[in-house]
Amino acid sequence: MTSTKIHSTHCERTAFVYVRQSTWLQVSENRESTERQYNLRERAIQLGWPESRVEVIDEDQGRSGSTATFRTGFQRLAAEVGLGKVGIVLMLEASRLARNNSDWYRLIEICGISGTLIADESAVYNPREPNDRLLLGVKGTLSEAELFTLRTRLYEGRWNKARKGLLRFPLPVGYVVATDGAWVLDPDTQVRERLSYVFNSFRRLGVVRAVVRDLRQQGLELPTRVTAKEAYGSLIWKEPTLSTVFRILHNPAYAGAYVYGRSEYFSERRSPKTGKASAHVRNVAKWPVRISDHHPAYIGWEEFVKNQEQLRQNWGRDDNRGVPREGRALLQGIVYCGVCGRKMSVQNRSVKESRSPSYICMQGYQNGEEKTCQSMTSRPVDAAVAEAFLAAISPVNLKVATQVMDQIEQELVSQRRQHELQLEQARYEARLAQRQYDSVDPSNRLVAAELERRWNEKLERVTDLERAFAQAARDAEWKLTPEERAAITELSHDLPAIWSAETTTNQERKQLLRMAIESVQVDGITQAGQIEVQIRWRSGTITILNVKRTAPGECSLKTPEEAVSRIHKMAPRRTYVEIATALNRAGLRSAFGRRFTTQHVGYICRRDGLGDRKPRSNLELPKTPGASGPVES
Ligand SMILES: [Zn+2]
């Protein structure tokens with residue numbers, strides 16, 4: 001994706017790596033961040049720039065990013081870009097370049113004109129492409145949300161530490177830290193043996209449920225470490241549960257590996273209940289940090305990998321949710337259950353089925369509750385959220401952006417005024433010093449020399465301040481031109497078009513949504529036939545919408561009229577099996593062009609309220625809830 005945007009014309013020009021941190025505190029305390037910024041040099045080389053044409057601008061170390069006025073590095077960058085000398089600008093989190101929007105938009109503008117690319121650690125943007133412009137623009141606006149980006153930087157700092165195996169985290173039960181910081185086996189024999197028992201038991205039985213049953217039958221408890229503040233780290237024994245055994249089997253630490261990054265956390269997706277970022281588990285092969293033989297092991301690495309495969313297969317039997325990220329359900333990952341507060345998962349249909357995916361709350365079910373909490377077709381919810389998003393993003397963000405810009409202009413003007421006042425004061429002091437010098441008797445040499453020195457000092461200060469004032473005056477003249485304002489307005493008007501463009505992928509749409517939306521809560525239970533949709537915006541506000549529940553089948557293909565009327569006729573007298581057979585014999589096919597099954601027939605009977613005297617086995621939650629029949633409940 002990134003490489004297609006880079007052409008030889010870009011590589012012929014210089015690559016600029018822009019390094020900055022906002023305060024001296026960060027400079028001293030957050031060396032990891034600095035290191036990451038310098039790593040961008042490597043990225044430029046990887047992207048195809050020769051080493052000799054990669055230049056690092058780090059003049060801004062220790063200067064605050066709130067305006068570009070005092071940052072000569074930024075100004076130099078802008079100047080070089082404007083002269084068309086720069087092929088690409090690399091920085092951490094693109095929008096961090098300048099924390100205020102006006103600097104940022106100005107840079108996007110200049111880069112657009114001079115054909116300069118913008119890149120961060122993950123992507124390359126071409127400001128000439130409307131899609132990229134939009135992303136960059138929105139990024140800039142949202143980077144005002146300081147907290148979010150700060151978090152990201154802290155998080156990346158942790159990563160750098162972890163890559164070196166230096167990041168500390170609480171050890172899993174069965175290990176303790178030795179005085180030299182190394183991990184050693186727990187000196188408690190019972191703890192070690194119980195863990196070995198679990199691994200043996202899984203080796204023998206191959207199913208976690210069976211392991212738990214076995215432990216319970218033997219009356220064996222599992223050790224855990226207390227994580228509560230009081231008695232932190234002390235050992236207690238607990239009744240074995242599925243999740244404890246899962247955790248033990250999934251933990252690579254027992255295979256002697258130091259691993260970091262087993263899960264991806266999405267700081268933009270938080271549990272509305274706990275506020276914690278949601279996690280997505282990475283495949284073993286994709287773990288970014290893995291240091292083998294880091295400490296003594298309970299099982300070998302091969303066995304660990306085999307166990308993961310086994311667990312995955314077992315899981316696949318229990319539950320068939322494959323959740324491709326490209327999926328059509330736009331709220332994937334940010335949708336929460338309005339009934340129980342848990343995160344909802346997406347149930348995708350096979351392509352053949354051509355049905356829109358569903359949001360389903362099934363964590364409770366997985367934890368042993370009798371049925372899933374609620375589920376609904378994604379399409380009407382997605383449509384409502386998208387509409388709210390498009391309505392909200394243009395006027396609101398635009399207003400915020402322009403307000404910020406106005407504020408900066410005012411700041412620049414007030415800064416000039418401050419300089420002016422300082423200068424006046426200094427001139428007055430200089431005149432005073434001159435008068436004192438003039439009034440002293442020249443024969444009193446010592447005094448005269450001292451007063452002359454002071455007068456000279458004052459004069460020097462006046463010269464300095466005059467220079468600073470001239471600079472401030474020049475800066476204050478900088479204003480967002482009406483053309484620039486118009487460009488930004490246009491950008492936000494383009495949003496609906498970009499949103500619906502065929503070239504925009506669902507992944508991009510999701511990305512856009514997440515820039516403005518923190519999470520969405522849906523409740524399809526409280527009001528019959530309605531789904532209450534709560535959108536929690538990044539800005540902290542909440543929008544509540546009511547969406548009509550799509551009647552099953554209404555949103556997609558319809559069962560042919562003829563089949564429906566035949567079902568209506570036969571329903572009172574015949575079983576589902578008989579009806580399905582009759583329909584198939586008559587050559588009728590379902591909405592998806594397939595032969596009718598008892599499930600199809602039952603589905604239409606229930607939908608149309610034709611009584612349900614027929615076998616209800618498919619209403620008790622099947623192993624794959626909703627996979628075959630309707631999931632609306
Ligand atoms: Zn729920």
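## Briefing: a zinc site, two helix pairs and some single residues

C361 is buried, with a relative accessible area of just 1%. That cysteine is one of the residues that coordinate the zinc ion, and the zinc site is where this briefing starts. Keep in mind that you're looking at a predicted model. As for the whole protein, there are 633 residues, and 45% of them are buried. They form 19 helices and 20 strands. Take the contacts between residues at least 6 apart in sequence: 65% of these join residues at least 24 apart.

**The zinc site**

- Four sulfur atoms hold the zinc ion: the SG atoms of C337, C340, C361 and C373, at 2.2 to 2.4 Å.
- Read along the chain, these donors follow the spacing C-x2-C-x20-C-x11-C.
- C340 sits in the loop between β14 (335–337) and β15 (345–347), while C361 belongs to strand β16 (residues 358–361), so this pair ties together parts of the chain that are 21 residues apart in sequence.
- What arrangement do the 4 donor atoms make around the zinc ion? It's tetrahedral, because the angles they subtend run from 99 to 121°.
- For reference, the ideal angle for four tetrahedral donors is 109.5 degrees.
- Is C340 buried, exposed or partly exposed? It counts as partly exposed, because its relative accessibility is 22% and the cut-off for buried is under 20%.
- C361, by contrast, falls in the buried class at 1%.

**Helices α8 and α10**

- Two packed helices are described by the angle between their axes and the distance between the axes.
- For α8 (residues 189–205) and α10 (residues 242–250), that angle is about 90° and the axes are 11 Å apart.
- So α8 is roughly perpendicular to α10.
- On the α8 side, the contact is made by L195, V198, F199 and F202, and their partners in α10 are V245, I248 and L249.
- What kinds of residue make up the contact of α8 with α10? There are 7 nonpolar residues, with no polar and no charged ones.

**Helices α18 and α19**

- Here α18 (residues 576–585) packs against α19 (residues 598–607) at about 110°, with the axes 8 Å apart.
- That angle makes α18 roughly perpendicular to α19.
- Y576, V577, I579, A580 and L583 of α18 meet T598, V601, G602 and C605 of α19.
- This contact divides into 7 nonpolar and 2 polar residues, with no charged ones.
- A run of α19 is buried, namely H600, V601, G602, Y603, I604 and C605.
- Helices α17 (561–570) and α18 are among the elements that cover those buried residues.
- Just past the end of α19, G609 takes a positive phi of about 65°.

**S590, in the loop between α18 and α19**

- S590 is found in the loop between these two helices.
- Loop or not, S590 counts as buried, because its relative accessible area is 5%.
- Which residues does S590 contact, setting aside neighbours within four places in sequence? They are P560, F596 and H600.
- H600 also turns up in the list of buried α19 residues.
- P560 is 30 residues away from S590 along the chain, yet their C-alpha atoms are separated by 7.0 Å.

**C111, in helix α5**

- C111 is part of helix α5 (residues 101–114).
- At 0% relative accessibility, C111 is classed as buried.
- Not counting residues up to four places away in sequence, C111 touches V81, T116, I118 and P127.
- G87 is 24 residues from C111 along the chain, and the two C-alpha atoms are separated by 9.1 Å.

**Helix α9 and the glycine after it**

- In α9 (residues 208–218), the buried residues are V208, A210, V211, V212, D214 and L215.
- G219, just after α9, takes a positive phi of about 70°.

**D293, a positive phi outside glycine**

- D293 has a phi near 50°, a positive value in a residue other than glycine.
- Where is D293 found? Look in the loop between β13 (289–291) and α11 (301–318).
- D293 counts as exposed, because its relative accessibility is 72%.

How values were computed: Residues numbered from 1 in each chain as written. Predicted model: local features only at pLDDT ≥ 70, side-chain atom pairs only at ≥ 80, totals over all residues. Heavy atoms only, no water. Axes fitted to C-alpha atoms, helices over the stretch in contact; angles between N-to-C directions. Helix = DSSP H or I, 4+ residues; strand = E, 2+ residues; numbered from the N terminus. Parallel < 35°, antiparallel > 145°, perpendicular 65-115°, else oblique. Contact = heavy atoms within 4.5 Å. Nonpolar A, V, L, I, M, F, W, Y, C, P; charged D, E, K, R; others polar. Donors = N, O, S within 2.8 Å, 3.2 Å for Na, K, Ca; no water. Tetrahedral: all angles 85-135°; square planar, octahedral: opposite > 155°, others 65-115°. Buried < 20%, exposed > 50% of the residue type's maximum accessible area, 1.4 Å probe, protein only.
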